[in-house]
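The following exercises concern strand pairing and helix packing in a predicted model. Each task is followed by a solution in steps.

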Amino acid sequence: MKKKRILLKIGSNTLTKETDNISRGKIEDIANQIAKLQDTCEFIIVSSGAIAVAKQFVKLESKRKEIFVKQALASIGQPHLIRIYQEIFRELGLLTSQCLLSYSDFEKQESKTNIVNTINVLVNNNYIPIINENDTVATDEIKFGDNDKLGALTASLLSADLFIIATNTNGIYTKESIEKGTPKTIELVEDFNALKHQVVNSKSTHGTGGMQSKIDAISVAKQSNVETWIVNGLEDNFIINALENKILFTKIK
Ligand SMILES: Nc1ncnc2c1ncn2[C@@H]1O[C@H](COP(=O)(O)OP(=O)(O)O)[C@@H](O)[C@H]1O
Ligand SMILES: N[C@@H](CCC(=O)OP(=O)(O)O)C(=O)O
């Protein structure tokens, strides 16, 4: 049986459970779900969190631009982030690997072919690739929080059956309901253009993108006919519950 290929994007807010520290419990929750689904689904993860991990134990000084500090923090945090994933996933017999990519890699045919070939070998050998942006060479993503877009580009390139963006809301709410203080999830998006008007300008707490970068990512996935779900990653069991339609989330066909 052909497995359902799921591209799971985990944002900093989910990974830290909105604290200043990476949550091992959240990574355990994700690993548990992947282990339960492994006979029917194959996973590729795009994970943020390198900067958040580094900030837990280091403070860097620089008289130059703040972005250089973020790049340096990402470099310090990334191996720790992967170590934490590896430790927790291994407990459940899940194998992991690391891929660092940047947008420009998706503009060159040769790089695209290399990404597809590498990741297919990994997945076919039961390794779960954990992708993050290569923050040393590119700053687009940490400036704009576009790990969402990196997820979408990867989901498209690797012909994912489903792109799940885990974030800290029960999907996308209507703008009106947020303004009234009673957030209401848009469950099924049929008119993508109308969705663009639902974004509320609230600054992200731990991540950098906010809902706008998710809408841009959805647009990229849509062009490749990849279905996107925006799911609340703070909830336990969020992937399985979404697959079984037990929670409220946003589905964009
Ligand atoms: N229409 C909307 N529905 C839900 N969240 C919205 C909406 N418009 C803006 N947001 C904001 O987007 C945030 C999620 O983006 P972000 O903080 O970048 O998360 P992540 O780190 O998971 O990528 C929400 O916490 C919320 O403040
Ligand atoms: N790539 C960087 C930051 C990316 C970022 O903050 O993205 P997100 O949490 O998806 O808004 C990191 O791993 O810390």
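**Exercise 1. In which sense do strand β5 (residues 162-167) and strand β7 (residues 227-232) pair, and over how many bridges?**

Solution. Step 1: β5 and β7 pair in the parallel sense. Step 2: the pairing extends over six bridges. Step 3: a residue of the pair can be located, since Leu162 stands opposite Glu227 in β7.

**Exercise 2. Identify the strand that β7 pairs with in the antiparallel sense, and the strand that runs parallel to β5 over five bridges.**

Solution. Step 1: β7 pairs in the antiparallel sense with strand β8 (residues 250-252), over three bridges. Within β8, Ile252 is the bridge partner of Thr228. Step 2: strand β1 (residues 4-10) is joined to β5 by five bridges, and the two run parallel. Here Leu7 has Phe163 of β5 as its bridge partner.

**Exercise 3. Place these strands in the order of the open sheet, and state which strands stand at its edges.**

Solution. Step 1: the open sheet has eight strands in the order β3-β4-β2-β1-β5-β7-β8-β6. Step 2: its pairing is mixed; the parallel pair β5 and β7 and the antiparallel pair β7 and β8 illustrate this. Step 3: β3 (95-101) and β6 (188-189) stand at the edges; each has a single partner strand, so one side of each is left without a neighbour in the sheet. Step 4: a helix can be added to the picture, as α10 (residues 210-223) lies across β5, β7 and β8 and runs at about 175° to β5.

**Exercise 4. Describe how helix α2 (residues 24-37) and helix α4 (residues 66-91) cross, and which residues make the contact.**

Solution. Step 1: two packed helices are described by the angle between their axes and the distance between the axes. Step 2: the axes of α2 and α4 come within 9 Å and cross at roughly 50°. Step 3: α2 and α4 are therefore oblique to each other. Step 4: the crossing of α2 past α4 is right-handed. Step 5: α2 contributes Arg24, Ile27, Glu28 and Ala31 to the contact, and α4 contributes Ile84, Tyr85, Ile88 and Phe89. Step 6: by class, this contact has six nonpolar, two charged and no polar residues.

**Exercise 5. What span is expected for helix α5 (residues 109-124) at 1.5 Å a residue?**

Solution. Step 1: α5 has 16 residues, which should span 22 Å. Step 2: the end C-alpha atoms of α5 are 22 Å apart, in agreement with the expected span. Step 3: just after α5, Asn126 takes a positive phi of about 65°.

Methods:
Residues numbered from 1 in each chain as written. Chains lettered and ligands numbered in written order. Predicted model: local features only at pLDDT ≥ 70, side-chain atom pairs only at ≥ 80, totals over all residues. Axes fitted to C-alpha atoms, helices over the stretch in contact; angles between N-to-C directions. Helix = DSSP H or I, 4+ residues; strand = E, 2+ residues; numbered from the N terminus. Parallel < 35°, antiparallel > 145°, perpendicular 65-115°, else oblique. Left-handed = near helix turned anticlockwise from the far one by under 90°. Contact = placed C-beta atoms within 7 Å. Nonpolar A, V, L, I, M, F, W, Y, C, P; charged D, E, K, R; others polar. Pairing = 2+ DSSP bridges. Expected span 1.5 Å × (residues − 1).
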